[in-house]
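Q: Please take a close look at one part of this protein. I would like to understand the pockets and the residues around them.

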Amino acid sequence: VGYLAIYVLLALFPFDFAVSLSELSEKFHSGRFGWLLAGDNALSFRRLASLAGELVAIIPLGLLVGLLATRISLGRTFLGGVLLGLMLEFFQLFVLSSVTQGASMLVRGIGLAGGAFVGFQLQHGGLMIIARWIQRLKAPLMPFYIAAMAAVVGWFTNPILGISEGL
């Protein structure tokens, strides 16, 4: 319950709520609102990183659901995450500095269901089943991991230096 409260409060931080219709209109036209993706609907690295952060932030809630559940429906858990995302995105409409986008609802659903799946597997199969999943997924996911790390260190945005500039 404590993590959920902190999660919701952080989603609404810095609490700079719109107090007039003109401020709300400004939010809609500022590039911080989108039915799917905010701004120009392009999936930039920054936007992808933000969505990944939202995914990682909700996984512990799903993990808790999976650890506490005797039976689990991943579909219902996904729907619960989407509904939580809908509620948060609705309130974020009124937070001037936050980004409000539909993709966040889907990401929250995926994160909650994914965390619940892992928690349920831990509860019923221990760590060995998680180790087997990691073993199976590491090769197919490695190119994405390498590309993400290359983007983080600036491979795709920084110019390539010549030999004389590099020395």
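A: Here is a walk from the whole chain to its two largest pockets.

This is a predicted model, where local features need pLDDT of at least 70, side-chain atom pairs count only at pLDDT 80 or more, and totals for chains, interfaces and linings use all residues. Residues are numbered from 1 along each chain as its sequence is written, and side-chain values use heavy atoms, with hydrogens and water left out.

Start with the chain. It has seven helices and two strands. These are DSSP runs numbered from the N terminus: helices are H or I with at least four residues, strands are E with at least two. In sequence order the pattern is α-α-β-α-α-β-α-α-α. Of its 167 residues, 30% are buried. Buried means under 20% relative accessible area, exposed means over 50%, and partly exposed lies in between (1.4 Å probe, protein chains only).

Now the largest pocket. Its volume is about 750 Å³. A pocket is found on a 1 Å grid over the protein atoms alone: it is an open set of points where a 1.4 Å probe fits, with protein on both sides within 12 Å along at least five of seven lines. Lining residues have an atom within 4 Å of a point. Points are joined across faces, edges and corners, and the volume is the space filled by probe spheres set on them.

The largest pocket has 26 lining residues. Nearest its centre are Ala52, Leu55, Leu141, Phe144 and Tyr145. Helix 3, helix 5 (102–125) and helix 6 (127–152) each give two or more residues to this lining. Helix 6 gives the largest share, 13 residues. By class, the lining holds 23 nonpolar, two polar and one charged. Here Ala, Val, Leu, Ile, Met, Phe, Trp, Tyr, Cys and Pro are nonpolar, Asp, Glu, Lys and Arg are charged, and the others, Gly among them, are polar.

Next, the second largest pocket. Its volume is about 290 Å³, and 14 residues line it. Ser50, Glu54, Gln92, Val99 and Arg108 lie nearest its centre. Helix 1 (2–12) and helix 3 each supply at least two lining residues. This lining has seven nonpolar, three polar and four charged residues.

Finally, look at Ser50. It sits in helix 3 (residues 45–68). Ser50 counts as partly exposed because its relative accessibility is 38%. Ser50 and Ser104 are 54 residues apart in sequence, and their C-alpha atoms are 9.2 Å apart in space.
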